[in-house]
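Grab a pencil and work through these exercises with the model on screen. Try each task yourself before you read its solution.

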Amino acid sequence: ASAETPAAPIALPPAVALTGLRHEWQTWNNCGPATLAMNLSYYGSALDQAAIGGVLRRSPDDKNVSPEELAAFAQGQGMRATVRVNGSAELLRALVAGGFPVLIETWLEEHPNDGMGHYRLITGYDDAAQAWIAYDSFVGSGLVLGGGARDGSGADEYRGIYFPYAQAAEWWKVFNRTFIVAYPPASEATVQAIMGSEFDPATQWTAAEATARADLAVNPDDPFAWFNLGSALWARGAAAEAVTAFDQARAVGLPWRMLWYQFAPFAAYAAVGRYADVGTLADATLANTDSIEEVYYWKARALSAQGDIAGARTALDRALALYPGYTDAVTLREAVGP
């Protein structure tokens, strides 16, 4: 192609199904380690979810292993691991067709108003079925070829589940379309070529802002698009604008588990001095769970800023009981005194 004529996109096959992975049904709250274990098994790792969870889960009821923690663990195993937001179906297809499973962070809502965060490993797609093929540590319905059921039934081995394109688009958006690609160092150039400009982390939040605004142009009452816009604006240093977006997301209505996993609203509200909102969000979240150290940290930040030093110490002690190595909490605990 000439400089004036863009190259034609590479035609991808209508169906891809990667093989050579080991599936695991997760134990309690262990979808992150279980999904990473499946991901790494593709590259020959024998580590299971217990081995990975023993490192990444800070307490028995730890409900949030972040994408960054999963990527760091993979890197500790000698892999490269790229975490990005604002993924797309087109990029997922290209990576999987190129031989790379993609770990995505999604929502899961089996019952109304009972949604939660959930990791899935995309290992293929099937245009005829209008579905991704996912290795899923929790969901046992929609099994490819009916094999590998949780109860051991089925003549065939586990080959993933069908994850419909439309459902995936809706649930992936809740987490700003976050994805992780883990791969051997020798595949770096290949992954970069497939991802193109999306490999550059400097551009991802600008692109995420544009995507969120496009989503809002379609549906101005989309709480997740408002939340994603706030996250993108916060990441780009626009705290006041981020707070406005988060206000709108809250006004429309967010799931009650939303802040178990994503903490940008706490940071943005604190940055503009709205500590009462930080405390309100922290208390509402902690009313449902007492095992998320980040929420206790932000509660402590709010209490300290409002002059309640004793309350801040109590919150920080709880954060550090959950995760003794939590650097931000250690620093703030030292600042508020014994």
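**Exercise 1.** In which sense do strand β2 (residues 80–84) and β7 pair, and over how many bridges?

*Solution.* Before you start: this is a predicted model, where local features need pLDDT of at least 70 and side-chain atom pairs count only at pLDDT 80 or more, while totals for chains, interfaces and linings use all residues. Residues are numbered from 1 along each chain as its sequence is written, and side-chain values use heavy atoms, with hydrogens and water left out.

Step 1: find the strands, which are DSSP runs (E, at least two residues) numbered from the N terminus, just as helices are (H or I, at least four).
Step 2: look for pairing, which takes at least two DSSP bridges between two strands. β2 and β7 run antiparallel and share five bridges.
Step 3: check one bridge; alanine 81 is partnered by alanine 182 in β7.
Step 4: look at β3 too, which pairs with β7 in the antiparallel sense over two bridges. Here isoleucine 104 has phenylalanine 179 of β7 as its bridge partner.

**Exercise 2.** Which residues of β7 point one way, and which the other way?

*Solution.* Step 1: recall that side chains in a regular strand alternate between the two faces of the sheet.
Step 2: sort them. Phe179, Val181 and Tyr183 go one way, Ile180 and Ala182 the other.
Step 3: check burial (buried is under 20% relative accessible area, exposed over 50%, partly exposed in between, with a 1.4 Å probe and protein chains only). Five of the five β7 residues are buried.

**Exercise 3.** How many residues of helix α1 (residues 31–41) are buried?

*Solution.* Step 1: count them, and you get eleven of eleven. Among them are Cys31, Pro33 and Met38.
Step 2: find the cover, which includes α2 (49–56), α3 (67–76) and β7 (179–183).

**Exercise 4.** At roughly what angle do the axes of helix α7 (residues 204–218) and helix α8 (residues 223–235) cross?

*Solution.* Step 1: use axes fitted to C-alpha atoms over the stretch in contact, with angles from 0 to 180 degrees between N-to-C directions. The two axes come within 8 Å and cross at roughly 155 degrees.
Step 2: name the arrangement. Angles under 35 degrees count as roughly parallel, over 145 as roughly antiparallel, 65 to 115 as roughly perpendicular and the rest as oblique. So α7 and α8 are roughly antiparallel to each other.
Step 3: list some contacts (heavy atoms within 4.5 Å). Trp205 and Leu216 are among the α7 residues involved, and Trp226 and Leu229 are among those of α8.
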